[in-house]
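Please keep your viewer open while you read, with side chains ready to be switched on. The stops below are given in the order in which to select them.

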Amino acid sequence: MSPASTKASTTVDARTSVTSPASPSSPPPSPPGAPDAPDVPSAPGGADSRMSPGGPGFRRMSFALFLAGVATFALLYSTQALLPLISGDLGVSAGDASWTVAAATGGLAVFVLPMSALSERYGRRTVMTASLALAVTVGLLVPFAPSLGALVALRALQGAALAGVPASATAYLAEEVRPRALVTAIGLFVAGNSVGGMSGRVITGWVAQEWGWRVAVGVIGVLAVACAVAFRLLLPAPKHFRPGSLRPRVLLGTVRDHLANPLLRRLYAIGALFMTVFGGVYTVIGYRLAEAPFSLPQGIVGSIFLVYLVGTVAASASGRLVGRLGRRGALYAAGGTTAAGLLLSLAGSLPLILLGLVLITGGFFAGHAVASSAVGRTATRGRAQASALYQSAYYVGSSVGSTVGALAFHSGGWAGTVGVGLVAVAGVVTITVLGTRAARAARVEQVERAARVERRGLAPA
């Protein structure tokens, strides 16, 4: 990871920081036995042996984590495009059916922190492999759920199993990839998320139209098995991982330090709010398009998720966006794009609704890639815990968005769901503004401090 710490962030240009510089509550140096990762090159002679684009292993690593992202999102949201069919087959409401999505994301949110602790002790690759193995096994059982209760329970277990992938993947990248390439590398992982989300929904839509939702989720389970096997064969062994302690006191201290860091708290909130928008929109959109006046068949409804390809491009391009606008500028752009898409989706025209979904998807994935990469760059120790807290907030946002978005749709139609999304986007913009102001105040204080030091140095003895 970068040798820069949160303290060092006070010396960089305002455009390169997401939030305010470090405060006295920033994490202190690692105590003995605390989870940590090397922040300096480990190769002899001072050469940085971490991976970078074009270098050895970078392409294999990127493709392996891309496949892990595909498997994770395909499994996690495998029922989302099928909610109208599940409602009809099991005789439940949209709000009840939405729990098949909320349970999976909620399970991930609850277990991502414990799984990240295991990754600090046993290694990122080991935990990701075990998580995918358990998740795909559960995925093959989901089609046989006899009731909504059983389906929700299996989905919660599946989400808990998948919890080992996101935080461990981000920590792996923070340790194995050079800092300048980190946003790009995480963007590729997030792009895998978007492809997984898209393929899962499109495939399930068309399969379900012919053979029902149970066969559709079974097909996704088989696809995830293939991705998991290829991931394990391709991912390079870590070279910069140092095992940490599983002592609860040490781990809780690391978590406490992360939560005391205002930079990280802002990033966690931004991730949760972005995902609230996304979870609400894509949980409900199938119901809107299946109902009058559109009355689209299930296969076409599933194909709407081809819009996720926009997310693949947006996440992959997030590094260039940060280079042009700075991190806070990129977050403003992502929030504005998402809000514009929400407003456009209120139109009664199907092409305008699709354009709105394009903007929502592009804005969300760009914002998520920027915020998640900033977490990995900000945390100088216990990176898996820092990433796990982000992922936990992110998937809590997904659970809240899917549930509240469905309830808002039930009571106020699509306008209700859009209203929930706009409130969340307003939260993103507000938090980013507060970070901008805090960074400016810190720079002014730094200049004044330097001036005082200089005056003292010039004063006569």
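**A tour in selections**

Begin by selecting Phe 365, which is buried, with a relative accessible area of 0%. Keep in mind throughout that the model is a predicted one. Add Phe 364 to the selection, which at 1% relative accessibility counts as buried.

Before going further with these rings, show the whole chain as a cartoon, where the secondary structure amounts to 17 helices and zero strands. Of its 461 residues, 58% count as buried. Among the contacts in the chain with a separation of 6 or more, 85% are accounted for by residues 24 or more positions apart.

Now return to the aromatic side chains, among which a search of the whole structure finds nine pairs. Select Phe 278 and Tyr 282, whose ring centres lie 4.7 Å apart with the planes at 55°, so that this pair is tilted. Both residues belong to helix α11 (residues 262–290), where, being four residues apart, Phe 278 and Tyr 282 are separated by about one helical turn. Phe 278 and Tyr 282 are both buried. Compare the geometry of Phe 364 and Phe 365, where the ring centres are 4.9 Å apart and the planes stand at 70°, so this pair is edge-to-face. To see the wider setting of these four rings, add Tyr 390, Tyr 394 and Tyr 395, which together with Phe 278, Tyr 282, Phe 364 and Phe 365 form one aromatic cluster.

Next, move to Arg 121 and Tyr 122, where the charged end of Arg 121 sits over the ring of Tyr 122, 5.7 Å from the ring centre.

From there, turn to the salt bridges, of which the count comes to three. Select Glu 120 and Arg 124, which form a salt bridge with their closest N and O atoms 3.3 Å apart; both Glu 120 and Arg 124 are buried. Then add Glu 175, which forms a salt bridge with Arg 124 in which the closest N and O atoms are 2.3 Å apart. This second pair links distant parts of the chain, since Glu 175 is in helix α7 and Arg 124 is in helix α5 (residues 124–141), with their positions 51 residues apart in sequence. Glu 175 is buried, as is Arg 124. Through the partners that these salt bridges share, Glu 120, Arg 124 and Glu 175 are joined into one network.

For the remaining salt bridge, select Asp 89 and Arg 214, whose closest N and O atoms are 4.0 Å apart. Asp 89 lies in helix α2 (residues 83–90) and Arg 214 in helix α9 (residues 213–234), so the pair ties together parts that are 125 residues apart in sequence. Here Asp 89 is partly exposed, with a relative accessible area of 46%, and Arg 214 is partly exposed as well, with a relative accessible area of 27%.

Finish at Glu 176, which is in helix α7 (residues 166–176). What is the nearest side chain of opposite charge to Glu 176? That side chain belongs to Lys 239, 7.2 Å away, and Glu 176 is buried yet has no salt bridge. The side chain of Glu 176 does, however, reach the backbone nitrogen of Lys 239 at 3.1 Å. To display the surroundings, select the residues in contact with Glu 176 once its neighbours within four places in sequence are left aside: Arg 50, Met 51, Pro 238, Lys 239, His 240 and Phe 241.

Key:
Residues numbered from 1 in each chain as written. Predicted model: local features only at pLDDT ≥ 70, side-chain atom pairs only at ≥ 80, totals over all residues. Heavy atoms only, no water. Phe/Tyr/Trp six-rings, centres within 6.5 Å; stacked < 30°, edge-to-face > 60°. Helix = DSSP H or I, 4+ residues; strand = E, 2+ residues; numbered from the N terminus. Buried < 20%, exposed > 50% of the residue type's maximum accessible area, 1.4 Å probe, protein only. Lys NZ or Arg CZ within 6 Å of the ring centre and 35° of its normal. Lys, Arg positive; Asp, Glu negative; His and termini not counted. Polar contact = N/O pair within 3.5 Å; in protein donor to acceptor, adjacent residues only side chain to side chain. Contact = heavy atoms within 4.5 Å.
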